[in-house]
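Biologist: I'd like to learn how to read the cysteines in a model like this. Can you walk me through it?

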Amino acid sequence: MNYGAIGFVIGHEITHGFDDQGRQFDLDGNLVDWWEPDTKKAYLEKASCIIDQYGNYTEPSTSLQLNGINTQGENIADNGGIKESYLAYHKWVEQNGPEMRLPGLDYSPEQMFWISAAQTWCSVYRPESMKMRITTGVHSPAQFRVLGPLSNMQDFAKDFNCPSGSPMNPTHKCEVW
C-alpha cells in the first residue's frame, strides 16, 4: 500500500524531470534542447497520445472537457509515476517474497497497491472550484488522475481482470515512459 500511495507520488515527482517542461533542462538545470531529434520526435508523439486522451475526458459535475495541453506535464508525471512505483513494488516482492492478504479483505496485495494509489487523489470539489481547476489548472481533476494512469496500465487490467476494451482496459493505451 505504501508503494501505491507515496510511491506513486515519488514516481510522479521524479517523472517531472522528463515531462513537457523538465525535458527542456540539462543535468545542470540549464534551459537547453539536449535531446536527439529522433528522441524528441518520439517523445512528442507519445505525449500527444496523453494530450488527446485527457482532452477527451469530460468532468461530469460541470460537463466541461479537460484541457489535455494544459495538463500534459502532470498527466505524464502521473502515468510515469504509477508505472515506476508498480515496478519498484514488484522488485521489492522479488527480494522479500509475496505479501499476505490483509485480514478481512478479499483483495490481493497487487489490488491493494492500486486501491491505495487511487485513494491518494480522493477529494471533493465544489462546482465553482472544479470549473476553475479545469479552465486554469495544470492538474487534471482527481478522478482523472486515477482513471487515466490506471487505464493505461496493462498490469492494472491484469490484476483486476478487466476485459479488453472495457473502460479500465481500453485497447489503445498511452505510454510516454
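Modeller: Sure. Bear in mind that this is a predicted model. For orientation, the UniProt record, an unreviewed entry, places the feature "domain: Peptidase M13 C-terminal" at residues 1–176. Over that stretch the chain is 55% helix and 2% strand, with the end C-alpha atoms 25 Å apart.

Biologist: Okay, on to the cysteines. How many disulfides does the count come to?

Modeller: The general idea: a disulfide is a covalent bond between the sulfur atoms of two cysteines. Here the count comes to one disulfide. C49 is joined to C174, with an S to S distance of 2.0 Å.

Biologist: Which parts of the chain does that pair link?

Modeller: Distant ones: C49 belongs to helix α2 (residues 37–55), while C174 lies in the segment after α7 (154–160), and the two are 125 residues apart. The link of C49 and C174 is left-handed, with -75° about the S-S bond.

Biologist: Are C49 and C174 buried or exposed?

Modeller: Both C49 and C174 are buried.

Biologist: And C122, where is its nearest cysteine sulfur?

Modeller: That would be the sulfur of C162, 20 Å away, and C122 is in no disulfide. As for its surroundings, C122 is exposed, at a relative accessible area of 69%.

Biologist: What about C162, then: how far away is its nearest cysteine sulfur?

Modeller: The sulfur of C174 is 17 Å away, and C162 is in no disulfide. C162 is buried, though, with a relative accessible area of 18%, and the cut-off for buried is under 20%.

Note on methods: Residues numbered from 1 in each chain as written. Predicted model: local features only at pLDDT ≥ 70, side-chain atom pairs only at ≥ 80, totals over all residues. Heavy atoms only, no water. Disulfide = S-S within 2.5 Å. Helix = DSSP H or I, 4+ residues; strand = E, 2+ residues; numbered from the N terminus. Buried < 20%, exposed > 50% of the residue type's maximum accessible area, 1.4 Å probe, protein only. UniProt positions renumbered as here; feature names shortened; annotations may be inferred.
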